[in-house]
Amino acid sequence: MALILASCNNENKPAVPPTVIDSNAVAIPATIPYSIINEYPHDPTAFTEGLEYKDGFLYESTGQYGHSDIRKVELKTGKVLLSANMEPQYFGEGLTILNGKIYQLTYREGKGFVYDLATLKKETTFIFNAPEGWGMANNGAQLIYDDGSNVFHFIDPVSFKEIKQLKVTDEHGPVYEINEPELVHGYIYANQWKTDLILKIDTLTGHVVARADLSGLRQSVGIAPISRNPHGPDVMNGIAYDAINNRIFITGKNWPKLLEIKLDN
């Protein structure tokens with residue numbers, strides 16, 4: 001089953017509060033300590049692009065042309081219980097679950113897909129207004145996706161019309177390459193591509209209010225560093241939240257493990 005692990009020396013310390021600098025009152029994001037609670041098996045061939053937890057199971061979307069799919073996964077074993085392959089011309093990206101449906105983006109094809117949650121049967125397609133699709137989440141009423149820039153797009157889950165945009169900034173300015181967002185206690189938690197950071201983003205202002213630096217995590221759980229091997233463990237990508245039990249799960253592209261971690265949740 002799961003292993004109980006220690007993670008970092010500051011795991012029991014509270015998050016350091018934001019610091020306000022200069023006359024513009026720009027807040028430096030707080031530092032979120034982390035600890036590793038459990039680790040589970042994860043398919044090392046899964047190029048993870050989206051991850052979500054629902055009713056005891058994980059739902060995952062994977063990328064790469066000719067290899068993309070969506071899948072229902074058993075948490076404790078990592079076993080794929082149900083999957084649906086995508087057509088080879090599509091590169092699968094982020095997904096989210098709302099009202100019994102799975103919504104999924106594609107990378108550069110400008111299309112999204114809607115699936116039945118129970119069967120993973122594709123029901124319809126939609127068009128989104130961005131050159132690329134990256135991560136996806138929802139706030140219970142609207143779908144939220146990002147496109148590799150510093151913008152979150154909020155769209156209606158029925159008409160797919162864009163309702164608003166939210167630009168993400170920190171103390172240095174725009175924050176780009178945001179990926180795999182997840183709503184946790186009213187904030188967006190997101191990966192940032194090619195970094196080991198998880199960003200905590202205010203959904204009203206778009207400001208990054210806190211960061212967790214997980215740069216020591218791979219080594220502590222035995223995940224190999226990024227190499228030239230195209231099939232080896234790649235970047236950290238994938239955040240799922242179990243709201244009932246207040247648990248956060250993370251993984252990465254081609255990672256052999258999925259981890260439950262404690263942040264400031």
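Analyst: Helices (H or I, at least four residues) and strands (E, at least two residues) are runs assigned by DSSP, and both are numbered from the N terminus. The model is predicted, so local features need a pLDDT of at least 70 and side-chain atom pairs count only at pLDDT 80 or more, while totals for chains, interfaces and linings use all residues. Residues are numbered from 1 along each chain as its sequence is written, and side-chain values use heavy atoms, with hydrogens and water left out.

User: How many strands does the chain have?
Analyst: By the DSSP runs just described, the chain has one helix. Alongside that helix, the number of strands is 25.

User: What radius of gyration does the chain have?
Analyst: The radius of gyration is taken over C-alpha atoms, and the globule rule is 2.2 Å times the number of residues to the power 0.38. The C-alpha atoms fill a box of roughly 50 × 45 × 40 Å along the principal axes. Because a compact globule of 265 residues would have a radius near 18 Å, the chain agrees with the rule, its own value being 18 Å.

User: What percentage of the residues in the chain is buried?
Analyst: A residue is called buried under 20% relative accessible area, exposed over 50% and partly exposed in between, with a 1.4 Å probe and protein chains only. Among the 265 residues of the chain, the buried share is 54%.

User: Which residue touches Tyr-34, Ile-36, Ile-250, Trp-255, Leu-259 and Ile-261?
Analyst: A nonpolar core is a set of buried Ala, Val, Leu, Ile, Met, Phe, Trp, Tyr and Cys residues joined through side-chain atoms within 4.5 Å, and the largest one here has 22 residues, with Ile-198, Leu-214, Leu-217, Ile-248, Ile-250, Ile-261 and Leu-263 having the most contacts inside it. At least two residues of this core come from each of β22 (208-213), α1 (217-221), β23 (236-242), β24 (247-252) and β25 (257-262). Contact means heavy atoms within 4.5 Å; not counting residues up to four places away in sequence, the residue that touches the six named ones is Leu-217.

User: Which strand gives the most to the largest core?
Analyst: The largest nonpolar core has 22 residues. With three residues of this core, the strand that gives the most is β23.

User: How many residues are in the second, separate core that includes Leu-166?
Analyst: Leu-166 lies in strand β16 (residues 162-167), and because its relative accessibility is 7%, Leu-166 counts as buried. Not counting residues up to four places away in sequence, Leu-166 touches several residues, among them Phe-152, Phe-154 and Leu-204. The second core also includes Phe-152, Val-168 and Ile-201, and its number of residues is 13.

User: Is Leu-120 buried or exposed?
Analyst: Leu-120 is placed in the loop between β11 (111-116) and β12 (122-127). Its phi is near 65°, a positive value in a residue other than glycine, whereas most residues other than glycine have a negative phi. Because its relative accessibility is 3%, Leu-120 counts as buried.

User: Is His-185 buried or exposed?
Analyst: His-185 is found in the loop between β19 (178-184) and β20 (187-192). Although His-185 is not a glycine, its phi is positive, at about 50°. Because its relative accessibility is 53%, His-185 counts as exposed.

User: Which residues is Ala-84 in contact with, leaving aside its neighbours within four places in sequence?
Analyst: Ala-84 is found in strand β8 (residues 80-85), and because its relative accessible area is 16%, Ala-84 is buried. The C-alpha atoms of Ala-84 and Ser-215, 131 residues apart along the chain, are separated by 33 Å. Leaving aside the neighbours within four places, Ala-84 is in contact with Asp-69, Ile-70 and Leu-120.

User: What is the C-alpha to C-alpha separation of Ala-118 and Lys-72?
Analyst: Ala-118 lies in the loop between β11 and β12, and because its relative accessibility is 62%, Ala-118 counts as exposed. Ala-118 and Lys-72 are 46 residues apart in sequence, and in space their C-alpha atoms are apart by 9.4 Å.

User: Which residues is Pro-131 in contact with, leaving aside its neighbours within four places in sequence?
Analyst: Pro-131 lies in the loop between β12 and β13 (136-138), and because its relative accessibility is 69%, Pro-131 counts as exposed. Leaving aside the neighbours within four places, Pro-131 is in contact with Tyr-107 and Arg-108.
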